[in-house]
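Subject: Structure handover

Hello,

Please find the structure below. My notes on it follow.

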Amino acid sequence: MTLPRQRGLTEQAADAAIDTACRMLRLPSIRNEFIEIADRAMKDQMTYCGFLAELLMAECDDRARRRSERRIKAAGFPREKSLRAFDFDANPNIDPATIHTLASCEWIKKSQPLCLIGDSGTGKSHMLIALGTEAAMKGYRVRYTLATKLVNELVEAADEKQLNKTIARYGRVDLLCIDELGYMELDRHGAELLFQVLTEREEKNSVAIASNESFGGWTKTFTDPRLCAAIVDRLTFNGTIIETGTDSYRLASTRARTEEPAKAG
């Protein structure tokens with residue numbers, strides 16, 4: 001289909017032609033915002049080039065936003081968490097400067113690991129998801145999974161002769177976020193499969209983990225001492241370790257909310 005080109009179009013005909021052209025060229029943002037931007041351009045007495053720049057930037061910004069949304073959705077986060085929503089005052093163990101440095105994603109660019117270690121309720125999963133979200137927004141491919149879910153998937157893949165394909169799939173993402181590592185004991189086979197994923201990613205792509213156990217307690221999860229040491233080595237070499245502490249700020253926050261009505265009464 002070709003659009004008729006003629007001079008002296010009426011405003012109504014021009015609007016219709018723009019709408020049709022934007023549909024053909026797949027420019028939904030320009031199509032949706034053209035009238036508003038045109039009115040602003042007239043009010044601000046923009047040049048033709050300035051007006052065109054406004055249109056194109058609107059389309060570029062919206063495409064970037066949609067790409068970010070797709071990457072965040074593809075990561076498989078169980079819930080939405082952001083750095084802005086984290087209460088740093090409630091957990092002084094977590095240094096805001098360190099977290100905001102991590103949010104720049106230089107560590108992902110350098111294929112370095114990140115370990116978040118601490119008790120339940122200290123903000124590990126929040127940080128893991130929030131930093132993963134920041135990475136997705138900056139253009140990195142991210143995948144979130146629970147440790148047990150990952151191991152179960154690997155075991156099933158091994159049984160179905162699909163292990164290499166599954167490990168390669170986890171190896172391709174720029175950042176692999178593994179949550180709840182250390183909550184359950186893994187048998188030797190499961191631990192070895194997890195080790196293969198970490199080895200595939202070593203110094204090529206980043207891994208971020210959250211664990212409620214200090215490294216000294218990981219022998220409860222990885223019962224083979226040598227394998228445990230090798231996994232710890234993969235997850236800490238040239239990486240960042242953040243200890244989120246033992247005091248649950250989530251529990252403290254709940255208690256504070258519970259006590260407020262009592263004090264008011």
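pLDDT is the predictor's confidence in each residue, on a scale from 0 to 100. This is a predicted model, so the scale matters for reading it, because the predicted coordinates should not be read in detail where pLDDT is low. In the protein chain the mean confidence falls to its lowest, 56, in helix α11 (residues 249–264), and reaches its highest, 97, in strand β2 (residues 142–146). Over the protein chain the average pLDDT is 87, and 91% of the residues score at least 70.

The sheet

An open sheet is formed by 5 strands, ordered β2-β3-β4-β1-β5, with parallel pairing. The edge positions belong to β2 and β5; each has a single partner strand, so one side of each has no neighbour in the sheet. From one strand to the next, the twist averages 15°.

At the β2 edge, β2 runs parallel to strand β3 (residues 175–181) and is joined to it by 5 bridges. Within this pair, Tyr144 has Cys177 of β3 as its bridge partner.

How much of strand β1 (residues 114–118) is buried? The count is 5 of the 5 residues, so β1 is largely enclosed by the rest of the structure. Its two faces are both covered: Leu114, Leu116 and Gly118 are buried on one side, and Cys115 and Ile117 are buried on the other. β1 pairs with β4 in the parallel sense over 4 bridges, and Leu116 stands opposite Ala210 of β4. With β5, the parallel pairing of β1 runs over 5 bridges; there, the bridge partner of Ile117 is Glu243.

Helices

Helix α9 (residues 188–201) lies across β3 and β4 (206–211), and runs at about 150° to β3.

Two packed helices are described by the angle and the distance between their axes. For helix α7 (residues 147–159) and helix α8 (residues 163–172), the axes come within 7 Å and cross at roughly 145°. On the α7 side the contact is made by Leu150, Glu153, Leu154, Ala157 and Ala158, and on the α8 side by Leu163, Thr166, Ile167, Arg169 and Tyr170. By type, the residues of this contact are 7 nonpolar, 1 polar and 2 charged.

Individual residues

Ser125 is part of helix α6 (residues 124–137). Leaving aside residues up to four places away in sequence, Ser125 touches Arg79 and Asp179. With Asp179 there is a polar contact, side chain to side chain, at 2.7 Å.

Thr101 is in helix α4 (residues 96–102). Is Thr101 buried or exposed? Its relative accessible area is 53%, and the cut-off for exposed is over 50%, so Thr101 counts as exposed. The side chain of Thr101 reaches the backbone oxygen of Ala97 at 2.9 Å. Thr101 and Cys228 are 127 residues apart in sequence, and their C-alpha atoms are 29 Å apart in space.

Phe237 sits in the loop between α10 (225–236) and β5 (240–245). Phe237 has a relative accessible area of 42%, so it is classed as partly exposed. Which residues does Phe237 touch, not counting those up to four places away in sequence? They are Pro113 and Glu203. Pro113 is 124 residues from Phe237 along the chain, and the C-alpha atoms of the two are separated by 7.3 Å.

Regards

Methods
Residues numbered from 1 in each chain as written. Predicted model: local features only at pLDDT ≥ 70, side-chain atom pairs only at ≥ 80, totals over all residues. Heavy atoms only, no water. Buried < 20%, exposed > 50% of the residue type's maximum accessible area, 1.4 Å probe, protein only. Contact = heavy atoms within 4.5 Å. Axes fitted to C-alpha atoms, helices over the stretch in contact; angles between N-to-C directions. Nonpolar A, V, L, I, M, F, W, Y, C, P; charged D, E, K, R; others polar. Polar contact = N/O pair within 3.5 Å; in protein donor to acceptor, adjacent residues only side chain to side chain. Pairing = 2+ DSSP bridges.
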